[in-house]
Amino acid sequence: MENDCGEESGKQHLRNEACEDLEEEKVVLQGTNDVSSEDTENKNTAVQDLPSTQLTSCVQSAEMNQFGNKQTPLSQKSDRNLEQMEASIKNPPTGTSTVLTQQLAMLHVQTKNLRAILGIQQQELEQKTAAVLQSSEMCSVNDELATKAMATLNANIAGGVEHPQSTSAVTQASKCDVAAKPSTSSSRSQRPSRRELQEQVEGLQELLSQLTIKNPQIIGSVQTIVQNSPKLRNVNLFRTINTDATNTGAVPRFTGGNGRVAAAYTTKQRKESDMSSASTVAAQKDTSTKAAANNTDAAQSSARKRGQRKRKNKSLKPPKNLASELESFSKYINTIVSEYLGAEQKEKAELLEFKGTFEDLEAHAQKLVQAGIGRIVEEEIRINRKNNRQSFITMSADREGAERDGIILLPVARRYAFEGDIVRAFVMNAGPSTIQQPITKNDNDTEINNENYLEKGGSTIIGGKDNSFCLADDEDPFEDTESPDSEVDGTELDAGAAAVPDNCPKSFVINIVRQTDLREVVGTISFKNSTKLNDEANYYKLKPYDMRVPMIYVPVESCAAHITSENKADVCGMLYLAHILETDINGHCIGELVQPVGKVGNMEAELKAILLHNGLKNIKPFEQRFNDLYAQPDPPISTTNLHGREDLREKCIITIDPLTARDLDDAVSLERLGDDLFEVGVHISDVSHYLVEDCELDNIVKKRATSIYLVNEVIHMLPQTLCFKCSLLPGEDKFAFSVFWRMNTRGDILGQPRFTRTVINSCVQLAYEHAQKIIDNPSEEFGVDDFPTICNGFTASDICSRIKILNTMAEKMREKRYDGGALSINNPKIRFNLDPTTGEALSYEIDGRQEANFLIEEFMLLANQSVARFIYDRFPNISILRNHAPPLSKSMKNLREKLANLGMELDCTSSKTLYASMQKLCREAKDPAAMDACLSTLLTKPMARAKYFCSEGKSEEADLWHYALSIPIYTHFTSPIRRYPDILVHRVLAAALDYAPPPKRTPDELHMLAKVCNDQKYNAKSAGDESINLFFKRYIKEKQSITLRAVVTEIFQHLLNVVTIDTGHLISINFKIQKVLVDTSNAPGYVLIAERNSKTPPVKLQLFSTIDVKLVIWDDRVCGFFVSPDPKQRQINSIEISKKKQQLTGSSANNSVSESSGSRRQRRTSQRNTQQQHELNEAQTQQPQEDKKNSKLKTKQCTNNSNNKNHVETRVYAVRHDSEN
């Protein structure tokens, strides 16, 4: 039994081993086929022939040597034998164990021999294949094949397409091709059809591509043959080869308004034209001159091409990788160096070309330094808020220094650094000016015949859109302006053509030394669609609010916790706070989601996003315990409370604030001391009495630093209960700091001011409207019913008499202040009347300022100035002061020269002369309001930002001087409820009066606190302005559009900027999307606009020109359009456009389009028709007295304001009496 078992076990082992050998042999045979197919699968025809022949002889040789059978192929016999052996193993006959063992042994030997032979043959095949690819014989063979193919092509062209209607080689080549079998018949009826010829052309192109792929020698030979053949010279024989365009002339940028088509473009020119900000017409696909002249065909296809242009541009754009980024960087460096050296030093520029990698930038920068071109610095980088392609390297802290900041014109050239990063950069030395000077002409030069104006060509005529409100499918009116996405192809940026402000030297970043901590941004994200980067993981795109930050890519897998069934299908997207983790080699910002903000379009979410966007994410409601701390009313004033304080509770003290104000932190008083002698007092709430230095609440408040005034709410710096406790409400005892002056009615100060702590009890809470009524009616007798409740036994007569005297003093003080050099730049502020239910804006009004506002402003300015001098004299190292530096002299010089070209004089010598010049220009202007709005906008840009600072080490006059107020020293003292610096000043003032020890904080701590206060004040102001813009956009969206009067402030080649006169909004008007025609040939001096086909002379727009603009909301942004200068012609054009659209709609119905794109086109066409009807109605009803209608716009918008005042929280707090405070 054991032997039987052992034998059976041995047999089973042999069976298993035999089966394994059989399977292995099958694999070997299969490998033979794989090797053969792999070696012979060569795209070169000759290479395919050689391996297959040798492989066949190899296999036959193996058959004869091993099996002696010359008839049956090896593969067939092996398969048959293996099948038989496998069957015998699985079902072995009795007594065949010995035979089976012998067969297996023989099979082992055969398999081993076959493996050896195949291995040898495989090596020989690989060697011969490599030799063939490098053989000149094979090139000759392919040359012969190519020559035969060319001869065949010539024969087919000569015999197949020579007919009288042939006009050009380009047209023939695009509509005919090579026949696989040349036709021998000369009869027209036997000639192949056009479709057959086209198929033959495609077949020949495929053949030539296969013959020449990866073989530059053959490609060169074919090109030589093609160039020697007149009939083939203009034929595109290769699908993968683009011959160079022969037309190197200037390409018109767009069609004129009368429908003429631009010249033919090449493929490369089309891409560049579409990417250019000046281009407004899609290039034609057909390059023949006949097709370019065919206006009808072009008009019919233009709508479809415009609708697909963006998608084509995206598909044409090559994917970004390290090589393309390096290429863009190299091109940028070499371009700026060659421009700096000029044509005279071309050889030197070639020697200094950058050809390395990113790791070689340091060495190359050192090489440029040695060449004397520039220097290497390590400084902070700044990104342009409106154009994230443009960034700056700070070169000097001296605003008046001659050294200009370095400029970088490409995101990759700054190594994708962020705002605030410290970078190591190369900055070129100051070179010659490249700024284009404005072109100015006399008024007589603008007398242009409109017909000649339209006939002179389209190279500088922009606009003429059929429907500027709905351009075309997926066409974006802002695509020529800044974009938050850094994926713009860097090679498309011509560094030499970019506008360089103030002749800034060009620069590039070598590496980032230190990244800023501010890597959190707010943006919109949609979880509906994802995108793939570098053919790897999928990402969702988050579009930041901040234009300085590029698009952020968030990995799909990291968003799983944030995706719900509701927001997954949300097309509009969600608002999120995201953290930027890194920037990859291609400039893509990779980030992660931090927290949701809300849904796009939701008012509460949008306001929260504004706060986060402006760095106010830590502004949270106070804990209830802090509110409870000050919730209880104060006990009655005791003798202890009066220690060190004057009791003024029986004095007539008045507060004057906006009507809806709740935080009353200042009051005024006036007491007669003699004939024309008065004691004037300013009383400020003593917040420092409750907020002790360095307590828990104080450390929280110092980080907030300021209250934030949004349109619909106020985010207080202090707990709500503390604000209420400190407010100087009438009839309540309050602690205060008071400043007194002895003055006469001429506003002269007699003696020194007096400072003290006090206890006051205000007698009345007036609004500016109440005080203004008294000022406007000085002889009227007012009663108690004309004012709010008057306390402490005072009468309306007591209130009125004091208001009149204070106003007389304030007028004289204001006059003296401006005579002394004070400067005022008016920036209008608007207030919204909100719906109490929805919170949306019902109307808006301009927050006007009158004598009552100026009354309070003058005495608050005087108090701040007096306190600043007092505390600085006592504590020169720990005082918190406020400085306003002079404007940039070079920017002011440029502005002065710009105005001089227009015949206007602007004296920038001092703040006094500047203000006098502004007043004179406004008085002499045809439209003083427009002149004032434009000058205020132009002067805001060069002006410095006022800043808080610690007085340590500041002793020079320039360190303390306040330029706008034209006073030697200044601080903030009058608003401690809403500003933390005022509390710091109160503590120093208390120490200066010996009421308390000096503050404990060191000068270093105060320097840091001053910086925090500066940043928070700026952030809060930006948030407030953005909330106004948000409500303004929603108001426009609700009204669909509004028309405002505006004045031109800047002109560029592709757009101009205007400021609305009433509201002060800056609007960019893109020429490309306008219905009217815009001639930019004289930009930036001026542009001309005219209605298409109009016989009315064009309108000239230059600096200070006024124009009506229509504002609409497009892609959540305010977009401006010129109101037609010829409404009648606009109406005629609209009718023609409607007819043209009907024709295009009928013809496009026959085209084969996808269901989704067809539905989208139908929907958008419907929207356009609706808007066109609106335009027609508007043109019919428009009257010559449109200026008069616009003058009534403000009154119309202010309707129903009084009915909503009690329900509205306005921004009146931020525009109080202390405009500079």
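Me: How are α25 and α26 oriented to each other, roughly parallel or roughly antiparallel?

Reply: Start with the general idea: two packed helices are described by the angle between their axes and the distance between the axes. Keep in mind that this model is predicted. Here, α25 (residues 911–924) packs against α26 at about 150°, and their axes are 8 Å apart. Angles over 145 degrees count as roughly antiparallel, so that is the label for α25 and α26.

Me: Which residues of α25 and α26 meet?

Reply: From α25 you have L914, M918, L921 and C922; from α26, P928, M931, D932, L935 and L939. Sorted by type, the contact has 8 nonpolar residues, no polar ones and 1 charged.

Me: Okay, on to the sheet. What is the strand order, and how do the strands pair?

Reply: Generally speaking, strands of a sheet pair through backbone hydrogen bonds, either parallel or antiparallel. In this case you're looking at an open sheet of 5 strands, ordered β28-β27-β26-β32-β33, with antiparallel pairing. The edges belong to β28 (1066–1070) and β33 (1117–1122); each has a single partner strand, so one side of each lacks a neighbour in the sheet. On average, neighbouring strands are turned by 50° against each other, ignoring direction.

Me: How many bridges link β26 and β27?

Reply: β26 (residues 1042–1051) and β27 (residues 1055–1060) pair antiparallel over 5 bridges. For instance, V1048 has V1058 in β27 as its bridge partner.

Me: And which strands does α26 lie across?

Reply: α26 (residues 928–940) lies across β26, β27, β28 and β32, running at about 50° to β26. Helix α29 (residues 1003–1039) packs on the sheet too, touching β26, β32 and β33, and its direction makes about 90° with that of β32.

Definitions and conventions
Residues are numbered from 1 along each chain as its sequence is written. This is a predicted model: local features need pLDDT of at least 70, side-chain atom pairs count only at pLDDT 80 or more; totals for chains, interfaces and linings use all residues. Side-chain values use heavy atoms; hydrogens and water are left out. Two strands pair if DSSP finds at least two bridges between them. Helices (H or I, at least four residues) and strands (E, at least two) are DSSP runs, numbered from the N terminus. Axes are lines fitted to C-alpha atoms, for helices over the stretch in contact, and angles run from 0 to 180 degrees between N-to-C directions. Contact means heavy atoms within 4.5 Å. Angles under 35 degrees count as roughly parallel, over 145 as roughly antiparallel, 65 to 115 as roughly perpendicular and the rest as oblique. Ala, Val, Leu, Ile, Met, Phe, Trp, Tyr, Cys and Pro count as nonpolar, Asp, Glu, Lys and Arg as charged, and the others, Gly among them, as polar.
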